[in-house]
Amino acid sequence: MSRTDILGRDEIVRLVDRFYENVRSDEKLGFIFDKVAGVDWDAHLPRMYAFWQTVLFRDGGFRGDPIGKHARLVLLTMMGREQFDRWLEIFESTVDELFVGENATHIKACAADMANVIHSKINGLPNEKFDPAKLSDEQRARYAAYRKSAD
Ligand code: HEM
């Protein structure tokens, strides 16, 4: 099947379902979800559909506490750069396997930014990659567009 862009809810659901299939079978990360956190998948997957729909299309109605939920995991297991890099690697390869286009590129950039923010906040580290003085041209343009659409 030829790849399309992420156009709406249906593609978000396909992406999220495939991503967590890949994460759960991953040696570095699978156990964190299934053994350490004991995730209730019937509840988690719909939350993640809403989350990514909110990030990409601003209409998913997600409300939650991602920092708090991941901070709790720091007390139970390793949640360092290695784990976040692996998470991102799986996220990016899942997007690339299924989709191609502007939204596919955008969702990967959002995931990378959020991985940096969550990783640094929950570990109490300064976030160098998110230093306003060090934003890339792509990040600058993207954040300027957010401000416009929020007006
Ligand atoms: C090492 C990397 C990561 C691990 C092991 C991980 C693991 C988890 C687990 C176990 C939960 C469920 C927590 C609960 O319901 O109590 C969760 C929730 C969540 N995760 Fe992650 N996560 C990682 C990275 C990320 C990243 C980079 C993002 C964003 C791009 C993200 C977004 C979310 C969101 C939105 C929730 C739901 C939060 C809520 O319900 O309020 N996660 N994660």
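1. I'd start with Arg-142, which is found in helix H7, residues 137–150. Keep in mind throughout that this is a predicted model. Arg-142 has a relative accessible area of 8%, and since anything under 20% counts as buried, this arginine is buried. What is Arg-142 in contact with, leaving aside its neighbours within four places in sequence? The partners are His-106, Ala-109, Cys-110 and Asp-113. If you want a sense of distance across the model, take Arg-142 and Arg-24: they are 118 residues apart in sequence, and their C-alpha atoms are 31 Å apart in space.

2. Another buried residue to look at is His-119, in helix H6. Its relative accessible area is 9%, so it counts as buried. Not counting residues up to four places away in sequence, His-119 touches Met-79, Gly-80, Arg-81, Phe-84 and Leu-125.

3. Now to helix H3, which covers residues 41–57. Does the helix have the length it should, or does it fall short? At 1.5 Å a residue, its 17 residues should span 24 Å, and the end C-alpha atoms are 23 Å apart, so the two agree. At the N-terminal end, Asp-40 acts as the cap, with a side-chain oxygen 3.2 Å from the backbone nitrogen of Asp-42.

4. What does H3 bury, and against what? The buried residues are Trp-41, His-44, Leu-45, Met-48, Tyr-49, Ala-50, Phe-51, Trp-52, Gln-53, Val-55 and Leu-56. An α-helix has 3.6 residues a turn, so residues three or four places apart point the same way. Try stepping through the buried set with that in mind: it includes Trp-41, Leu-45 and Met-48. As for the packing partners, the buried residues of H3 pack against helix H1 (9–24), helix H2 (30–36), helix H5 (81–98) and helix H6 (102–122).

5. For the H1 side, have a look at Val-13, which lies in helix H1. Val-13 has 23% relative accessibility, so it counts as partly exposed. Its C-alpha atom is separated by 8.5 Å from that of Leu-45, although the two are 32 residues apart along the chain. Leu-45 itself is among the buried residues of H3.

6. Gln-53 deserves its own point. It lies in helix H3, and with 11% relative accessibility it counts as buried. Which side chain does Gln-53 join through a polar contact? That of Asp-59, at 3.3 Å. Leaving aside neighbours within four places in sequence, Gln-53 is in contact with Arg-9, Ile-12, Arg-58, Asp-59 and Gly-60.

7. One of those contacts of Gln-53 is Arg-58, and the backbone there is worth a check. Arg-58 comes just after H3, in the loop between H3 and H4. Its phi is near 60 degrees, a positive value in a residue other than glycine.

8. On to the ligand, which sits in the largest pocket. The elements that give two or more residues to the shell around it are H2, H3, helix H4 (66–74), H5 and H6. Which element supplies the largest share of that shell? H3 does, with five residues. In total, 23 residues surround the ligand, and the closest are Phe-33, Arg-47, Asp-65, Lys-69 and His-70.

9. Three of the polar distances to the ligand are easy to check on screen. An N or O atom in the side chain of Arg-47 is 2.7 Å from an oxygen atom of the ligand. With Asp-65 the partner is a polar backbone atom, 2.7 Å from a ligand oxygen. His-70 uses a polar side-chain atom, which lies 2.8 Å from a nitrogen atom of the ligand.

10. Last, Thr-77. Is this loop residue buried or exposed? It sits in the loop between H4 and H5, and its relative accessible area of 16% makes it buried. Leaving aside its neighbours within four places in sequence, Thr-77 is in contact with Phe-31, Ile-32 and Val-36. Phe-31 is 46 residues from Thr-77 in sequence, and their C-alpha atoms are 10.0 Å apart.

Definitions and conventions:
Residues numbered from 1 in each chain as written. Predicted model: local features only at pLDDT ≥ 70, side-chain atom pairs only at ≥ 80, totals over all residues. Heavy atoms only, no water. Helix = DSSP H or I, 4+ residues; strand = E, 2+ residues; numbered from the N terminus. Expected span 1.5 Å × (residues − 1). Buried < 20%, exposed > 50% of the residue type's maximum accessible area, 1.4 Å probe, protein only. Contact = heavy atoms within 4.5 Å. Polar contact = N/O pair within 3.5 Å; in protein donor to acceptor, adjacent residues only side chain to side chain. Near = heavy atom within 4 Å. 1 Å grid on protein atoms, 1.4 Å probe; cavity = no way out; pocket = protein on both sides within 12 Å on 5 of 7 lines; lining within 4 Å. Sits in = over half its atoms within 2 Å of the grid points.
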